[in-house]
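Hi,

Here is the structure I promised to pass on. Have a look at it first, and then read my notes below.

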There are 2 protein chains.
Amino acid sequence: MTPSPSPIPQPPRVAFLGPSGTFTDMAARELFPRVAEFVQAPTIEGVFDAIRRGAAAYGVVPIENSTEGSITSAVDALIEGGLFIRRELVLEISHCLISMNAQLTQIQRVYSHPQALAQCRDWLAEHLATAELVPASSTAAAAQEALKDSHAAAIGSRLAAELSGLPVLCDGIQDLAENATRFALIALEDAPRTGDDKTTVAFAVRDSRGALRRVLEVLDEHGISLTRIESRPSRQKAWDYVFLADLAGHREEHHIAAALLVLGERCPMLRILGSYPRFR
Amino acid sequence: MTPSPSPIPQPPRVAFLGPSGTFTDMAARELFPRVAEFVQAPTIEGVFDAIRRGAAAYGVVPIENSTEGSITSAVDALIEGGLFIRRELVLEISHCLISMNAQLTQIQRVYSHPQALAQCRDWLAEHLATAELVPASSTAAAAQEALKDSHAAAIGSRLAAELSGLPVLCDGIQDLAENATRFALIALEDAPRTGDDKTTVAFAVRDSRGALRRVLEVLDEHGISLTRIESRPSRQKAWDYVFLADLAGHREEHHIAAALLVLGERCPMLRILGSYPRFR
């Protein structure tokens, strides 16, 4: 990890979680509005692999939704190590119910990605209580299923509706009006300091009473705000956890560097997953 | 919430996340080995609703897997409130690849519940790298899909294989040999004190530096071990979180009751989700 990134071939190759028409596709195009060569990957792990293999310089993956929480496979791939968050992007997510059937009462099946079904859980319980909820590998794939079945609908973006040619039956059906997803731009290196940055770290604590408290004390004593913390299974041992935390500040700032030095000595595992500009 | 449970009609009605042949079905039968009337619910929310409506006295839902983490819809339904954890059960989960096709190289699609696909993520990447991973609403539903397609396989329990009549192609394909799921028995009341109990609580913290640290300090000062902590979106406001924590001890024990009294005054939200015997 060096502070200044090495030159990236132009146009850069950008892997994203496909297929076309997904919210991640929209995020990738917003992150690279000018010329870029986009490569679809079928899974989040595939995006990480494309960068590791050198098939892409950057990757775009969803990491957290404000209603439904972490995208666990992205978080796990980050914890696994080797790649860094270089930028974040927050996109407002508005879900549409799309179907060739214009009658809500005739919808018997609703296809979508499990994340989208979860983000619309209350709406579905209220308006389509008896419909079967069928998971799909992406919102775009769900639209393809809805094309085949006159008693089915899909949940997806307006872009997915347009690409599939299906009409939008209801718009803005997510449970919370303010529904947004954080996307991460992944690369071999993180970003230089801008003055308004965040740092994502993963750490493990010893299995003792107060162990997590002592980590939080170190951060607090160094004047560091924790903007998010979550736990994930370590995938090393059953019922063993790793914490993922977002800290306000860049790893090169003195107070962050000092706190991470202390934590590096105390925690059985500490990994910096990247410093990057805070999204505004 | 009263310490002694009210009488339950015999045989009790037990709602579980169906269909038959899922791991939750196995958990429900282990929790009620004698006479009980089992009711299938299509979703985790459906299990909670069955108890709220009085259609069942108990519910059985998965809450956490040791490899893949929380079952978020169960955690969210608990946080929503009104029902309590009365008992926990940990089941070892061994996944099988089941298919009518005996040639691994001919498998083009693998169906399963997203949790099971995630628990076998590394195995699939190594042995079926080019196969399409297709999410299904349950491992049992996945087996039904595999019945229709000679180039497909499903991931599920040995019971799902038996019920579908499909042969087991590979056994124990989960990424971690020690792979287990915690199930919760949900009811209108939690459990009386046994001397070796756990208490699950949900709480929110004020949006200030060190807020989570101060909660952990209260627990630590009262000699309480935190055996697990995780965060979930509050579903009230975007990027606002609720924490879920497991504490060693029963809510009626003096040190737990005293700590919860302090936290009840300091936290904008504190909810006891149940005290119940620790699984041994």
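**Starting with a helix**

In α3(A), the buried residues are Thr72(A), Ser73(A), Ala74(A), Val75(A), Asp76(A), Ala77(A), Leu78(A) and Ile79(A). Before going on, keep in mind that this is a predicted model. Helix α3 of chain A covers residues 72–80, and 8 of its 9 residues are buried, so the rest of the structure largely encloses it. "Buried" here means that 20 or more other C-beta atoms lie within 10 Å of the residue's own. Right after α3(A) comes Gly81(A), which has a positive phi, near 100°.

**How the two chains meet**

Now zoom out to both chains. What turn lays chain B on chain A? A turn of 180°, with a shift of 0.0 Å along the axis, does it with an RMSD of 0.0 Å. That is the relation of a two-fold axis.

For the contact itself, chain B gives 35 residues and chain A gives 36 residues. On the side of chain B that touches chain A, the elements giving two or more residues are α3 (72–80), α4 (114–119), β8 (132–135), α8 (211–221) and β13 (226–233) of chain B. β13(B) has the largest share of that side, with 6 residues. Sorted by class, that side of chain B has 15 nonpolar, 10 polar and 10 charged residues. And why can we say that the copies meet through the same surface? Because 100% of the interface residues of chain B are also interface residues in chain A.

**The domains of chain A**

Inside chain A, the domain assignment gives domain 1 (13–93 + 179–187), domain 2 (96–171) and domain 3 (197–277). The centres of domain 1 and domain 3 of chain A, taken over C-alpha atoms, are separated by 23 Å. Each of these two domains of chain A puts 12 residues into the contact between them. On the domain 1 side that touches domain 3, α3 and β5 (84–92) of chain A each supply at least two residues. The residues on that side of domain 1 of chain A divide into 5 nonpolar, 3 polar and 4 charged.

**Two sheets to trace**

Try following the strands one at a time. A quick reminder: strands of a sheet pair through backbone hydrogen bonds, either parallel or antiparallel.

One open sheet in chain A has 4 strands in the order β13-β14-β12-β15, with antiparallel pairing. Its edge strands are β13 (226–233) and β15 (269–277) of chain A, each pairing on one side only. On average, neighbouring strands of this sheet are turned by 15° against each other, direction ignored. Look at β13(A) next to strand β14 (residues 241–248) of chain A: they pair in the antiparallel sense over 7 bridges. To find a bridge, start at Ser231(A), whose partner in β14(A) is Phe243(A).

Another open sheet in chain A has 5 strands in the order β8-β7-β9-β6-β10, and its pairing is mixed. At its edges stand β8 (132–135) and β10 (168–171) of chain A, each with a single partner strand, so one side of each has no neighbour in the sheet. The twist from one strand to the next averages 25°. Strand β7 (residues 109–112) of chain A and β8(A) run parallel, joined by 4 bridges. There, Tyr111(A) has Val134(A) in β8(A) as its bridge partner. Finally, helix α6 (residues 139–148) of chain A lies across β6 (96–98), β7 and β9 (152–156) of chain A, and runs at about 160° to β9(A).

Have fun clicking around!

Note on methods
Residues numbered from 1 in each chain as written. Chains lettered and ligands numbered in written order. Predicted model: local features only at pLDDT ≥ 70, side-chain atom pairs only at ≥ 80, totals over all residues. Least-squares fit on C-alpha atoms with pLDDT ≥ 70 in both. Contact = placed C-beta atoms within 7 Å. Nonpolar A, V, L, I, M, F, W, Y, C, P; charged D, E, K, R; others polar. Buried ≥ 20, exposed ≤ 12 C-beta atoms within 10 Å, placed from the backbone. Pairing = 2+ DSSP bridges. Axes fitted to C-alpha atoms, helices over the stretch in contact; angles between N-to-C directions. Domains from an automatic or database assignment.
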